[in-house]
Amino acid sequence: MTTQTTTSPSSVEGPRKSDRLIPWYFVGGFAIMLIANISLITFSMTSWNGLVTKHAFEEGNNYNAAMSGAQRQAELGWRSKLSVEGLINQSATVTVLFRDRDSQPISGAKMEIVLRRSDRDDLDQTVRMAEIAPGEYRASAAFPVYGRWEIRTIAHALGDDYQTVETVVVKPCPPKPPAAIVEIR
């Protein structure tokens, strides 16, 4: 009895042409992964750092003093009303009405506002307010970008401190309609 073996044509010719590209598939996959990782690292290093405060440890140590200050502020019954008006070329007028428990104006306060964006700390700014009428404080402030701003009002009056935080949305002014053109004949 004789056995006969047959060989397939592919084993005689060697590996297929597409099989020679398999190592390059691995190289390409690692290259895509490397590019994605470099992109994510670059984005994380250049975007917002996520810090809410620059002195978290010190503020944490002063937590009890802050809580007693908040309790004292509640006992005083002071309140303020903030308005942002007249946004022209990213500059607006900020007005704060400062009143006591009986809705009487509080004059002579040293007041400032801190403008803050939650997504960008490079736009934070502090603006000193000027009293223009009893209990009415006003300043011009720059809002470089439209959107949500956190405004912290800080006042020192009559030997006590006051502060409040409000969120405002700064929108662009709608364009003015063109003036009517009248032809005279």
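The legends below describe close-up views of a predicted model.

**View 1. The hairpin of strand 7 and strand 8.** Strand 7 covers residues 147–157 and strand 8 covers residues 160–170. The two strands run antiparallel and are joined by 11 bridges. Within this ladder, Trp-149 has Val-168 of strand 8 as its bridge partner. The hairpin leaves 2 residues between the strands, and Leu-158 in the turn has a positive phi of about 55°.

**View 2. The aromatic pair of Trp-78 and Phe-98.** The structure holds 4 aromatic pairs. In the pair shown here, the ring centres of Trp-78 and Phe-98 are 5.5 Å apart and the planes stand at 85°, so the arrangement is edge-to-face. The contact links distant parts of the chain, with the two positions 20 residues apart in numbering: Trp-78 lies in the loop between helix 4 and strand 1 (79–88), whereas Phe-98 belongs to strand 2 (residues 91–99). Both Trp-78 and Phe-98 are buried. Together with Tyr-137 and Tyr-162, Trp-78 and Phe-98 form one aromatic cluster.

**View 3. The aromatic pair of Phe-143 and Trp-149.** The rings of Phe-143 and Trp-149 are edge-to-face, at 5.2 Å centre to centre and with 85° between the planes. Phe-143 is buried, as is Trp-149. Trp-149 also takes part in the hairpin of View 1, where its bridge partner is Val-168.

**View 4. Salt bridges between side chains.** Side chains of opposite charge can pair when their charged atoms come close. The model has 4 salt bridges, including the following.

- Arg-16 and Asp-19 meet at 3.3 Å, N to O. Arg-16 counts as exposed because its relative accessibility is 56%, while Asp-19, at 29%, counts as partly exposed.
- Asp-119 and Arg-117 meet at 3.2 Å, N to O. Asp-119 is partly exposed, with a relative accessible area of 36%. Arg-117 is buried, since its value of 12% falls under the 20% limit.
- Glu-136 and Arg-138 meet at 2.8 Å, N to O. Arg-138 is partly exposed, with a relative accessible area of 34%.

**View 5. The largest pocket.** The volume of the largest pocket is about 470 Å³. Its lining comprises 17 residues, of which Val-52, Thr-53, Lys-54, Glu-59 and Arg-116 are the closest to the centre. Strand 3 (110–116) and strand 7 are the elements that each give two or more residues to this lining. By class, the lining of the largest pocket has 9 charged, 4 polar and 4 nonpolar residues.

**View 6. The second largest pocket.** The second largest pocket holds about 320 Å³ of space. This pocket is lined by 17 residues, and those closest to its centre are Gln-73, Ile-154, Asp-161, Tyr-162 and Gln-163. Two or more lining residues come from each of helix 4 (63–76), strand 3, strand 7 and strand 8. Helix 4 gives the most to this lining, with 5 residues. The lining of the second largest pocket divides into 6 nonpolar, 5 polar and 6 charged residues. Tyr-162, one of the residues closest to the centre of this pocket, is also a member of the aromatic cluster described in View 2.

Definitions and conventions. Residues are numbered from 1 along each chain as its sequence is written. This is a predicted model: local features need pLDDT of at least 70, side-chain atom pairs count only at pLDDT 80 or more; totals for chains, interfaces and linings use all residues. Side-chain values use heavy atoms; hydrogens and water are left out. Two strands pair if DSSP finds at least two bridges between them. Helices (H or I, at least four residues) and strands (E, at least two) are DSSP runs, numbered from the N terminus. Buried means under 20% relative accessible area, exposed over 50%, partly exposed in between (1.4 Å probe, protein chains only). On a 1 Å grid over the protein atoms alone, a cavity is a set of points where a 1.4 Å probe fits but cannot get out, and a pocket is an open set with protein on both sides within 12 Å along at least five of seven lines; lining residues have an atom within 4 Å of a point. Grid points are joined across faces, edges and corners, and a volume is the space filled by probe spheres set on the points. Ala, Val, Leu, Ile, Met, Phe, Trp, Tyr, Cys and Pro count as nonpolar, Asp, Glu, Lys and Arg as charged, and the others, Gly among them, as polar. Rings of Phe, Tyr and Trp (its six-membered ring) pair if their centres lie within 6.5 Å; planes under 30 degrees apart count as stacked, over 60 as edge-to-face and the rest as tilted.
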